[in-house]
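Let's take a walk through a protein chain together. Have a look at the picture first, then read on.

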Amino acid sequence: MLLLHQGEPTTVRVTNHSMEHTAIYWHGMELDNAYDGVLGVAGMPGQPTRAIAPGASFDALMTPPPAGTFIYHTHLMELRQAESGLHGALIVLPPGAARNAAYDHVFILGTLHNKGVVLNGAKVAPELEFDADRVHRLRLINITTGAPGPAESRLEVRSAAGVLLARQPIRLLA
């Protein structure tokens, strides 16, 4: 997970440790075209964005204008690289704010090669306990490469005794 602050100029260095070229797209972020990560389209006039070669690095410069939940992901050989785990959360906090992981939760629904649909990299979703007297933020990100099955497309809230309090279907947006 990348944690940035709104309005704070930031350089994110992407180093390619894989054996193939890659590119990173900063989904939902407003940044200069030179750092967007869309090969052949983004870049500077006369200098389109190039893939990051194996062993090479690329510096993406950004000053996040909005606070919120975003994602970064591969934009080259997307199916294979995404299913190898080349994606993650990009959280932008308001200026001076701190993230408290006890109350600010990030969940990434993805697809991993030979594992299928996973939540935060695990095949079995964890059971989580939340303090009832606290407000919790749930940041839900779906980067699956296929539609999850019916059993995997709902959010359930249960009491400490296991009583079902709420069940909410999760609708996939195209």
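## The overall layout

Going along the sequence, you'll meet the pattern β-β-β-β-β-β-β-α-β-β-β-β-β-β. That's one helix and 13 strands. Keep in mind that this is a predicted model.

The C-alpha trace spans about 60 × 40 × 30 Å along its principal axes. Of the contacts with a separation of 6 or more, 63% are made by residues 24 or more positions apart.

## Inside and outside

How much of the chain is buried? Buried residues account for 34% of its 174 residues. The accessible surface comes to about 10800 Å², and carbon and sulfur atoms hold 56% of that.

What about charges? The chain has 13 positive and 15 negative ones, and the mean positions of the two groups are 4 Å apart.

## Two ring pairs

Searching the whole structure turns up two aromatic pairs. In one of them, the ring centres of W26 and Y72 are 6.0 Å apart with planes at 45°, so this pair counts as tilted. W26 sits in strand β3 and Y72 in strand β7, so the pair ties together parts 46 residues apart in sequence. Both W26 and Y72 are buried.

Y35 and F58 also pair up: their ring centres are 6.3 Å apart and their planes are at 50°, so they are tilted. Y35 lies in the loop between β3 and β4 and F58 in strand β6, so parts 23 residues apart in sequence are tied together. Y35 is buried, at 19% relative accessible area, while F58 is partly exposed, at 24%.

## A charge over a ring

One last spot to find: R134 lies over the face of Y103, 3.7 Å from the ring centre.

How values were computed:
Residues numbered from 1 in each chain as written. Predicted model: local features only at pLDDT ≥ 70, side-chain atom pairs only at ≥ 80, totals over all residues. Heavy atoms only, no water. Helix = DSSP H or I, 4+ residues; strand = E, 2+ residues; numbered from the N terminus. Buried < 20%, exposed > 50% of the residue type's maximum accessible area, 1.4 Å probe, protein only. Contact = heavy atoms within 4.5 Å. Areas by Shrake-Rupley, 256 points an atom, 1.4 Å probe, with all protein chains shown as cover. Lys, Arg positive; Asp, Glu negative; His and termini not counted. Charge placed at Lys NZ, Arg CZ, Asp CG, Glu CD. Phe/Tyr/Trp six-rings, centres within 6.5 Å; stacked < 30°, edge-to-face > 60°. Lys NZ or Arg CZ within 6 Å of the ring centre and 35° of its normal.
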